[in-house]
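Q: Could you take a close look with me at one place where two helices meet? I am in my first year, so please go step by step.

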Amino acid sequence: MHDFIKKNIYLIFLFIITLSVGFLTFLTFIDKSPLELSSKNLQYLLILNIVLLLLLFIFIFLEIKKAIKNDIDKDGLKSNKKYITYFALFTFIPSLLISIFSLFLFSFALEKYFDKKVTTVVNNSYELARNYVDEVRNKIQSEIVLIAFDLNKSKKFLNDNEREYSRFLQTQKLIRGVNEIHIIDLEKKLLFSTLGDNEPYIPPVDEALNLVLDDDRPLKIINAFENRSAAIMRLQNFKDRFIYVVNYLDKDISRYLTEFEEAINFYYTVEEKSTGIKISFAIIYIIVVSLLLFISISIAIRFSSRFFRSINNLILASTSIGEGNLDIKVPEVKTDKDLEILNKNFNQMIDRLKDQQDKLIINERHEAWGSLARKLAHEIKNPLTPIQLTIDRLKNKYSNDLDEKDRENFEENLKIINNQIKQIEKLVNEFSDFARMPKPVFQKNNLVTLIKDNIQLLQELDQTIKIDFIHNNQQLFFEGDKEQLSRVFLNLIKNSIESIQQKDEKVSDFNKNITIELNEFDSHISLIINDNGVGFKNLNNNIKEILNPYFTTKKEGTGLGLSIVNKIINDHNGNIEFISKADGAIIKIIFSK
């Protein structure tokens, strides 16, 4: 998920901007955005929406095209492309149907929102609330006239008596059903009032007082405060005195009236801009559907590429195997766990086939070379006996007839011939051994003991070489032919000793080391021989050639030793690997259990 976001960060950023502009357009149409609701602003917003939508579509198209090119086209599988097409259609068609249905439902709901009955209810509700406020305000205008009439009539009775004034005003307050009655002067100073000691007095505005200075009619003060209705009137029988009456509306009536006005304005704004609202809603829906479609196609491409790439790799690998190429490998790609297991098993199968093929080739080669060795041994061995007999007769016949100097030369020459005959006999015996390699007799053997015996025997060849033997078990049993396995260990350790001796002829003063590691695991036994001799540098990339019969890098070698070793290891269900390193060589043997 993190990789997907990082890869498509610009597209996601563009989507957020486009969606934000779409919502801003919608809010502007319903007059709820920071922008002023005007034709000019709406025109700019719609143009911006169209431009951003085009950019979004272009980006989505380019990203999908790029993904298809990178993940699908290079595989070349028609089924992969077909899968992507089906997945995209299965996402697009339901999204399109849902979009059409949603737009239709939104349009239908919007039309019902402006139904005649709904409009009538909205208007009547507002009129009812406004009539209530007007009724309260008009009532105070009539009540102040009656209170003023009673005050003017009771001038002599009141006679500025504070107690009588207070009692009279309280009585009028109860009779007339008002909240506050005040008697004020020209300076709006409070002379008499129905207020208590701790209740605040709010005087009328100057403009209201000025309007009734020379007018005996009452003045209704509209919206003096949010929840107050007031009236002021000059008292005819009192000089420079005015009656100021206040009545409180319901504490929430002003707020309700304001909300009613806002709702009415919003209602008719929405009705007027209903077409634009539908357009902006459609734009928002298109943006969201486009993103969902892009995500679904991206997921489809990602999933199918993971799945079909593995299938394609298996198809290519199986085709190569059918053509006889067992060096092919199925690339290890990140995919579903089951497919990863399939790829791994397929590669293991290829390795087993290649091992079997190599063993078959080695066996065929050994049989061919064995047949040749038998013929060579037969053809070479036949004349050796007559030659040896002839040399003995020559020595017996002419040795005593020659003078001392000639006799020494004569015997030296015969000795050279005898040595060469012995070399030929040795070669013939090795040919015979190679040709007569017996089938292994399998029995349980302790490999630790076998290797220790061979190390002890070979250590006498060169005491200056240090041989370390490391093993994870004191007793490591393996089913095999004791003599043949011993021959393998003897030959390989001896080769390491000779390699170090060969290096010692050219390089002096270096630590001569051979490390032998024998470890047992659940499925196999591993033997690693590591020396710091001359290694395989002269072979370059043809290390495997040393396993071929009669191939040797030694001056006096026959080239049969490692070939025999390889055959024995193959007969024991194992394989040998030669690894070159900067300072020496590593030989690794794996015996499967």
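A: Happy to help; we begin with the whole chain, then look closely at one helix contact, and end with a few other spots.

Keep in mind that this is a predicted model. The chain has 593 residues, and 38% of them are buried. Its secondary structure comes to 15 helices and 12 strands. Among contacts between residues at least 6 apart in sequence, 67% join residues at least 24 apart.

Now for the two helices. Helix α14 covers residues 482-504 and helix α15 covers residues 561-571; their axes come within 10 Å and cross at roughly 140°. Is that roughly antiparallel or oblique? The label "roughly antiparallel" is kept for angles over 145 degrees, and α14 and α15 are therefore oblique to each other. As for the hand of the crossing, α14 passes α15 in a left-handed way.

Which residues make the contact? On the α14 side you will find Gln484, Leu485, Arg487, Val488, Asn491, Leu492 and Asn495. On the α15 side they are Gly561, Leu562, Ile564, Val565, Ile568 and Ile569. Sorted by type, the residues of this contact divide into 8 nonpolar, 4 polar and 1 charged.

Let us zoom in on one of these residues, Val565, which sits in helix α15. Is Val565 buried or exposed? Its relative accessible area is 1%, and buried means under 20%, so Val565 counts as buried. Leaving aside residues up to four places away in sequence, Val565 touches Val488, Asn491, Leu492 and Ile576. Val488, Asn491 and Leu492 also belong to the α14 side of the helix contact. You can also find Leu490 from here: Val565 and Leu490 are 75 residues apart in sequence, yet their C-alpha atoms are 9.8 Å apart in space.

For a contrast, try Ile175 in helix α7, which spans residues 162-176. Ile175 is exposed, with a relative accessible area of 55%. From Ile175 to Glu143 it is 32 residues along the sequence and 9.7 Å in space, C-alpha to C-alpha.

Next, the aromatic rings. A pair of such rings is described by how far apart the centres are and by the angle between the planes. How many aromatic pairs are there? The count comes to 3. One of them is formed by Phe478 and Phe591, with 4.9 Å from centre to centre and 40° between the planes, which makes it a tilted pair. Phe478 lies in strand β8 (residues 477-480) and Phe591 in strand β12 (residues 584-592), so this pair ties together parts that are 113 residues apart in sequence. Both Phe478 and Phe591 are buried. Elsewhere, Tyr165, Phe192 and Phe238 form one aromatic cluster.

Finally, two loop residues deserve a look for their backbone angles. Most residues other than glycine have a negative phi. Lys188, however, has a phi near 65°, a positive value in a residue that is not glycine. You can find Lys188 in the loop between β1 (180-184) and β2 (190-193). Asp240 also has a positive phi, of about 55°, although it is not a glycine. Its place is in the loop between β4 (228-234) and β5 (242-248). With 37% relative accessibility, Asp240 counts as partly exposed.

Terms used
Residues numbered from 1 in each chain as written. Predicted model: local features only at pLDDT ≥ 70, side-chain atom pairs only at ≥ 80, totals over all residues. Heavy atoms only, no water. Axes fitted to C-alpha atoms, helices over the stretch in contact; angles between N-to-C directions. Helix = DSSP H or I, 4+ residues; strand = E, 2+ residues; numbered from the N terminus. Parallel < 35°, antiparallel > 145°, perpendicular 65-115°, else oblique. Left-handed = near helix turned anticlockwise from the far one by under 90°. Contact = heavy atoms within 4.5 Å. Nonpolar A, V, L, I, M, F, W, Y, C, P; charged D, E, K, R; others polar. Phe/Tyr/Trp six-rings, centres within 6.5 Å; stacked < 30°, edge-to-face > 60°. Buried < 20%, exposed > 50% of the residue type's maximum accessible area, 1.4 Å probe, protein only.
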